[in-house]
Amino acid sequence: MERFLCIHGHFYQPPRENPWLESIEIQDSAYPYHDWNERITAECYAPNTASRNLDGDGRIMGIISNYARISFNFGPTLLSWMEKFSPETYRAILAADRQSLAWRSGHGAALAQVYNHIIMPLASLRDKRTQVLWGIRDFEQRFLRFPEGMWLAETAVDTETLEVLAEAGIRFTILAPHQAGKVRGGAGGRWKDVSGSRIDPSKAYLCRLPSGRSITLFFYDGPISQAVAFEKLLSNGEQFATRLVSGFANHRRHPQLVHIATDGETYGHHHHFGEMALGNALDHIEGNGLARLTNYGEFLELNPATHEVQIIENSSWSCMHGIERWRSDCGCNSGGNSGWNQQWRKPLREALDWLSGHLTKCYAETMTGYLKDPWTARDDYIEVVLDRSVENVADFLHRHSLRPLDEDASIAVLSQLEMQRHAMLMFTSCGWFFDELSGLETVQILQYAGRAIQLAERNGTQGIEGFFLEQLALSGSNLPEKGNGAEIYAKFVKPVMIDLIKVGAHYAVSSVFEEYGEETGIFSYRVYREDFVVFHSGQMKLAIGRVFVRSAITRKADRISFCTLYFGGHALNCGVRSFLGEEAYRTMKQEVADAFNASDLAAIIRLLDTHFGMHNYSLRNLFRDEQRHILQLIIAGTLQEFEDKFTHLYENNRGLMGFLRETGMPVPHRFITTAETALNLRLKKMFTSDTVDMDSLREVVSEFNDWDVPVDTVALEFIIRHRLEEVMSSLLADPENTRILNDLLVLVEAVTSLPLAINLWQIQNMYWDLLHLRAAGFRPGTERADSHGTAAWNESIRKLGELLYFNAGALMAAMGDI
């Protein structure tokens, strides 16, 4: 019988956006990347768009997308981030799905996902429906087709969830083998108990539902999936392929499907170069005719379900106790923290359930007077989330409102809908998955709860936060210094809450460092400058202005006046408040300007107190990314002084260090530390200069070896990689430019002499594009190929390819035969 193989990757990251800014702020733990989404994209999501096909010597013979050959789903919130911050990877993923449609009989590789990864059995029926509808609509917007299948967060399932999927038109979903309860050969057959992962995973199963609907279920191969995730199966592609093929059984007489499911991040992030093992395994299986690569939609068309199945209710793939990991201290955790418990999970779930119920009541009661059907409007609100343009929002409000809405009513409706969006985001599964209440993921869902509370209370529902915190206080951290849930909320949620005044304060403080135009975007806000003047006196500055600030999300707006006094360095005083009228503004402006021109700083401080009261701000109040940028500007001069001194000390004492070593005396640690700093600075300077002097580079590398000091691999790798990519981009734009080609060759040769590994993935992709762009020039007998200039160019390209680990000679010869 025919043998089919399908690998499913669940690609997902928890939402990390600041709920008030709708953007991810800098995360130092992801250094040298801005945040973890960016880092994991570089390590996993992007590499899987261009996996390497290697020859027997480990040299590249081809580049192909893994996504087109597997089955995959991406979390909608992750794709939303990727569309903006990694558009090349985003486009490649969409293109892979289109390619799979051509390869797999019109069935795409991509599946949809419930919108923000909530545990569906723990959600209300209303939230289940919204999660599925939002997931479908987000998928349609991106992949331009209806999804055949949908991934459930943690594969958590109950019958009601399957009903919602089937009602929405979803044909199938994927579950773990231990989630199957009973099977039978067909309608009227005898049920057989297959609990305990005893189900045959090589076929599709039909699940008949109480409503009369049905949905197909696939149960992945558990042992092989576990081996991929936890048994280092990705250390070798052929080994991976062998293990996959071992899932076929000769005794089966039906068309067999061997299929596995793991977190997609397994292929490159959790296991370095895992994407190459995946690509190699697929090549090996397909190239040797060991199985037919397929996806679930194609297999289901060719082999409809002949057996029926009953699920084990309230089960999931990552909790052997069902779904207790997301509501109790069941014993499931990420490990490594002996003595900790997860007793906080239950009171956290109960507190958020209470809050959700209260917000639901608030929404229903408030919106009845504005919307035709508040819940239909919520289901349709994904259209606004996907497109927040003024025109699209106006069209949405027109469709759903009972009557034309004025500005205040429109703001009220949008605020309530945003409250509902955050009321779902606060149930993102990651908040319970890990070990500690004060962990990043749990703090994130508490921030979503805080945003929902803020929106509710602004629209007249008071007292929610106090009662919520009373319940949250029943959850305790494993870390005594963190306290209980209410204390964690006070430490990590309240300080990051933002209103329009704080947006105005950010603008006011940063305006003495940045030049803003008439209109400026500050994350999810638009700021319109109405008046602005700056006075200078030495390094001191005084900025006075008036701006109009509007939220791009709720459309709420305020006119704000400010005055910022910058003393130099990091010393700054700023007053900000809602605009009190033209006369009050002119008076403040004149009085403060007069005091500044008179150099009466004490008077300015008094005037700030008079006109702005307690509304005082400083650099501490800047949003994190801008704060980091401004602090870098402030310390740039001081850093340069430090760097100059280290370099001077090393250069002046290098001879003495050598003499000490020759006499057998240990070189003092301070000397070695100075050498390490100075040599790393020299390397960074070399690779940020216009050209790299090879003789100087060899000298520096020799000195690293002489003093046995480490290279700053993380920072230097990042600098060098981006330098290589910039030059390669220039060559792609102007392939005939021999100067750029020679500069690139020198750079790549220089890199090979360094004691650090450079991630060449992107530059290799660019080289591959260059080969295809110039393929005609490799054909023997053509005028271009036979010319001396082209022959020299081809030789340089071949040499560059060899340095980049391509089998360049074979590739160029093959392309010349095209």
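**Notebook: a serine in a loop, then outward**

I began with Ser-202 and found that its side chain makes a polar contact with the side chain of His-254, at 2.8 Å. I keep in mind throughout that this is a predicted model. A further polar contact of the Ser-202 side chain goes to the side chain of Asp-200, at 2.7 Å. I then asked where Ser-202 lies, and located it in the loop between strand S9 (192-193) and strand S10 (205-208). Is Ser-202 buried or exposed? Its relative accessible area is 1%, under the 20% cut-off, so I entered Ser-202 as buried. Setting aside neighbours within four places in sequence, I listed the contacts of Ser-202 as Arg-252, His-254, Pro-255, Gln-256, Leu-257 and Phe-299.

**Strand S10 and its partners**

From the loop I moved on to S10, which is joined by 4 bridges to strand S11 (residues 214-219), the two running antiparallel. Within this pairing I noted Leu-217 of S11 as the bridge partner of Tyr-205. The hairpin of S10 and S11 has 5 residues between the strands, and there I found Gly-212 with a positive phi near 100°. S10 is also joined to strand S14 (residues 307-311), in this case by 2 bridges and in the parallel sense, with Leu-206 opposite Glu-308 of S14.

**Helix H5**

S10, S11 and S14 came up again when I looked up what covers the buried residues of helix H5, a list that also includes helix H4 (125-143), strand S6 (150-151) and strand S7 (172-175). Which residues of H5 (residues 159-167) are buried? I wrote down Thr-161, Leu-162, Glu-163, Val-164, Leu-165 and Ala-166. After H5 comes Gly-169, for which I read a positive phi, near 95°.

**Strands S4, S5 and S6**

S6 led me to strand S5 (residues 110-113), since 2 bridges join S5 to S6 in a parallel run, and Ala-112 stands opposite Met-150 in S6. S5 pairs in the parallel sense with strand S4 (residues 71-74) as well, again over 2 bridges, and here I found Phe-72 opposite Ala-110. I next checked which way the side chains of S5 point: Ala-110 and Ala-112 go one way, Leu-111 and Gln-113 go the other, and all are buried. I set beside this the general rule that in a regular strand the side chains alternate between the two faces of the sheet.

**Cores**

Phe-72 appeared once more in the largest nonpolar core, which has 160 residues, and in which Ile-7, Phe-72, Phe-74, Phe-240, Leu-352 and Phe-468 have the most contacts. The element that gives the most to this core is helix H16 (residues 440-458), with 9 residues. For Ile-7, leaving aside neighbours within four places in sequence, I recorded contacts with Ile-70, Ser-71, Phe-240, Leu-244, Ile-260, Tyr-267, Leu-278 and Leu-282. I also entered a second, separate core of 58 residues, with Ala-675, Met-728, Trp-768 and Met-812 among its members.

**Helices H17 and H18**

Phe-468 took me to the meeting of helix H17 and helix H18, where Glu-465, Phe-468, Leu-469 and Leu-472 in H17 touch Gly-485, Ala-486 and Tyr-489 in H18. How do the axes of H17 (residues 464-472) and H18 (residues 485-492) cross? They come within 7 Å of each other and cross at roughly 125°, which makes H17 oblique to H18.

**The open sheet**

Further along the chain I followed an open sheet of 6 strands, ordered S15-S16-S17-S18-S19-S20, with antiparallel pairing. Why is one side of S15 (519-522) and of S20 (616-617) left without a neighbour in the sheet? Both stand at the edges, and each has a single partner strand, so one side of each has no neighbour there. Strand S18 (residues 557-568) and strand S19 (residues 571-578) pair in the antiparallel sense over 8 bridges, and I noted Arg-577 in S19 as the bridge partner of Ser-561. Helix H19 (residues 500-510) packs on this sheet, touching S15, S16, S17, S18, S19 and S20, and its direction makes about 35° with that of S18.

**Asp-712**

My last entry concerns Asp-712, found in the loop between helix H24 (694-707) and helix H25 (713-733). Its relative accessibility is 29%, so I counted Asp-712 as partly exposed. Beyond its neighbours within four places in sequence, Asp-712 is in contact with Asn-680 and Lys-684, and its side chain makes a polar contact with the side chain of Lys-684 at 3.4 Å. Asp-712 and Leu-681 are 31 residues apart in sequence, and I read a C-alpha to C-alpha distance of 9.4 Å.

Notes
Residues numbered from 1 in each chain as written. Predicted model: local features only at pLDDT ≥ 70, side-chain atom pairs only at ≥ 80, totals over all residues. Heavy atoms only, no water. Pairing = 2+ DSSP bridges. Contact = heavy atoms within 4.5 Å. Axes fitted to C-alpha atoms, helices over the stretch in contact; angles between N-to-C directions. Buried < 20%, exposed > 50% of the residue type's maximum accessible area, 1.4 Å probe, protein only. Polar contact = N/O pair within 3.5 Å; in protein donor to acceptor, adjacent residues only side chain to side chain. Core = buried A, V, L, I, M, F, W, Y, C linked by side-chain atoms within 4.5 Å. Parallel < 35°, antiparallel > 145°, perpendicular 65-115°, else oblique.
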